[in-house]
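The following exercises concern a predicted model. Each task is followed by a solution in steps.

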Amino acid sequence: MLEHERLGDERELPLLVAHSKGRGNAVIDMIVIVPGIMGSRLIDTKTRKSVWGVGRIGALKAAGNILDKWAAGRLADLVVTDEERDGAAKRLAPDGLIKEPVWGPTFRMNFGYRQLADELGELVLHPDALLEFAYDWRLSVEHNGRLLAEAIDRRLATWRRHRALAEWRRSRRDTTEPRVVIVAHSMGGLVARAAGTHAGALDSVRTVITIGTPFRGSVDAATMLNSGRSSVGLPVEHARELAITLPGLHDLLPTYRCLFTGDDLVALDPETVAALGGDSELARESFARHAQLASVRLPGLISLAGTHQPTDICFRVDAGVLHAQRHGYERDEAGGLARDAVTGGFIPMKLHGDGTVQWQSARLADATGYVQKHGALQATRSVIRNIQAQIEGRTLGEGLGGRAGIGVELPEYAPAGTVTTARVSGARAAGDFSCVVKDLDGAVLEYPFARRDGDDYVLDITLDKPGIHVLEVSNGVEPVQDAVVAFGLDDHAAS
């Protein structure tokens, strides 16, 4: 799964390790997990009922139309009102990380944070040294960054007075103060960076490890605002009505030059965002936040990013409709778009990412690449293993190479009882990879047959019943994971 690794001198960080009974070699530093968008459960503060997030996988496997149930049951409650924009209103509140797989519009399948939390929980000296920071991902990263800074300050102060730490110090006559390690997935990395805008908030942090963080945004956020549909379409009519109210989603808009005007690639501005269907004021605030975040240095930054997956890079707009493109364009020495000497046309440049975040957006400097989808990165064993090694200050004991990257492209939805197709890129021959379709319990549903289609391979997947079908494609290392939702033919989601 691992494509390559580049470790700079800044990653040679001081290590604080304790030998705790029952916990092996434990790090005395505090570890903070910050999830991505839609990665925290949200509850109604009055009724205490869940508004976002399920308590068990079974809720995602219920018979009937998952897409209609998702829209009817959650979209209206998630809309951010004018009174809630600054975070002062407390109608909804975070209630822990989402540990099980969860599905949502545009950002698709998030395979949850259980494995990451469990594995990192084994590293700390005591469970109280692990902070699972849930937050209201609907709101701005600025708001949530302030809450993260406050939460770290409170928990670290408590941990430094903790009995378990005091006993470790007495036994070793060591007065070293614990520090903080932040492990942030996707939007969580922006929240961590926003925490750094508060004076002294990151002073106790020794390293920040980001996983697929869109530091320069994602085209998928613009697509969501434009129509409530992803690049392959999403039959949830009210998705855009939700998206336009979310400060957090506007914080994911691309800040790099992504709009193809016909003679150049230009950056978005608030007026363009409004024309696409977004909120110009939220966009203006978001772009101002990103300008401020650009000056924040994340201590000991380690970036992990997904690679080789078909990813929307830029887009053009025709009659108000966004058309995403999965390539960029080469530039000349003057910074303009280069033209082919023969045809006179612009020269496409092949780019990739994790299916949601392009590679260049997920890195502020060097990065370690993993052949994986965005929502599965944090649940990928080799990613977690590398995070553990970085926290413990050790070198991985096995090679970090891997074989050529496999790209997987799967529709977000299709009618149950039909056959849908997935596309696999990067394989030279059908024998170079294996594929299997499973349900959310891991039970095998089928082994699809691969047939050649140009440079790629196409897989036929039978969606025999409504629910979520998980496709795993492997070329000898960890599988690339994606999912398709099968909806009932008698429902109206596809209309």
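**Exercise 1. Overall composition**

Task: State how many helices and strands the protein chain has, and what share of its residues counts as buried.

Solution. Step 1: The secondary structure of the protein chain comprises eleven helices and 29 strands. Step 2: The chain has 495 residues, and 56% of them count as buried. Step 3: The protein chain exposes about 20,300 Å², and 48% of this area is supplied by carbon and sulfur atoms. Step 4: For contacts between residues at least 6 apart in sequence, 72% join residues at least 24 apart.

**Exercise 2. Positive phi outside glycine**

Task: Locate Met38 and His308 and determine whether each is buried, partly exposed or exposed.

Solution. Step 1: Met38 is not a glycine, yet its phi is positive, at about 70°. Step 2: Met38 lies in the loop that connects strand 4 (30–34) with strand 5 (40–44). Step 3: The relative accessible area of Met38 is 8%; buried means under 20%, so Met38 is buried. Step 4: His308, also a residue other than glycine, has a positive phi near 70°. Step 5: The loop between strand 15 (302–306) and strand 16 (314–318) holds His308. Step 6: The relative accessibility of His308 is 26%; partly exposed covers the range between under 20% and over 50%, and His308 therefore counts as partly exposed.

**Exercise 3. The surroundings of strand 15**

Task: Establish which residues of strand 15 lie on each side, and which strands are joined to strand 15 by bridges.

Solution. Step 1: In a regular strand, side chains alternate between the two faces of the sheet. Step 2: In strand 15, one side carries Ile302, Leu304 and Gly306, and the other carries Ser303 and Ala305. Step 3: These residues are all buried, and both faces of strand 15 are covered; the count is five of five residues. Step 4: Strand 12 (residues 205–211) runs parallel to strand 15 and is joined to it by three bridges. Within this pairing, Ile211 has Leu304 of strand 15 as its bridge partner. Step 5: Strand 20 (residues 367–370) also runs parallel to strand 15, with four bridges between them. Gly306 stands opposite Tyr370 of strand 20. Step 6: In summary, strand 15 has parallel bridge connections to strand 12 and to strand 20, and its two faces are covered.

How values were computed: Residues numbered from 1 in each chain as written. Predicted model: local features only at pLDDT ≥ 70, side-chain atom pairs only at ≥ 80, totals over all residues. Heavy atoms only, no water. Buried < 20%, exposed > 50% of the residue type's maximum accessible area, 1.4 Å probe, protein only. Contact = heavy atoms within 4.5 Å. Areas by Shrake-Rupley, 256 points an atom, 1.4 Å probe, with all protein chains shown as cover. Pairing = 2+ DSSP bridges.
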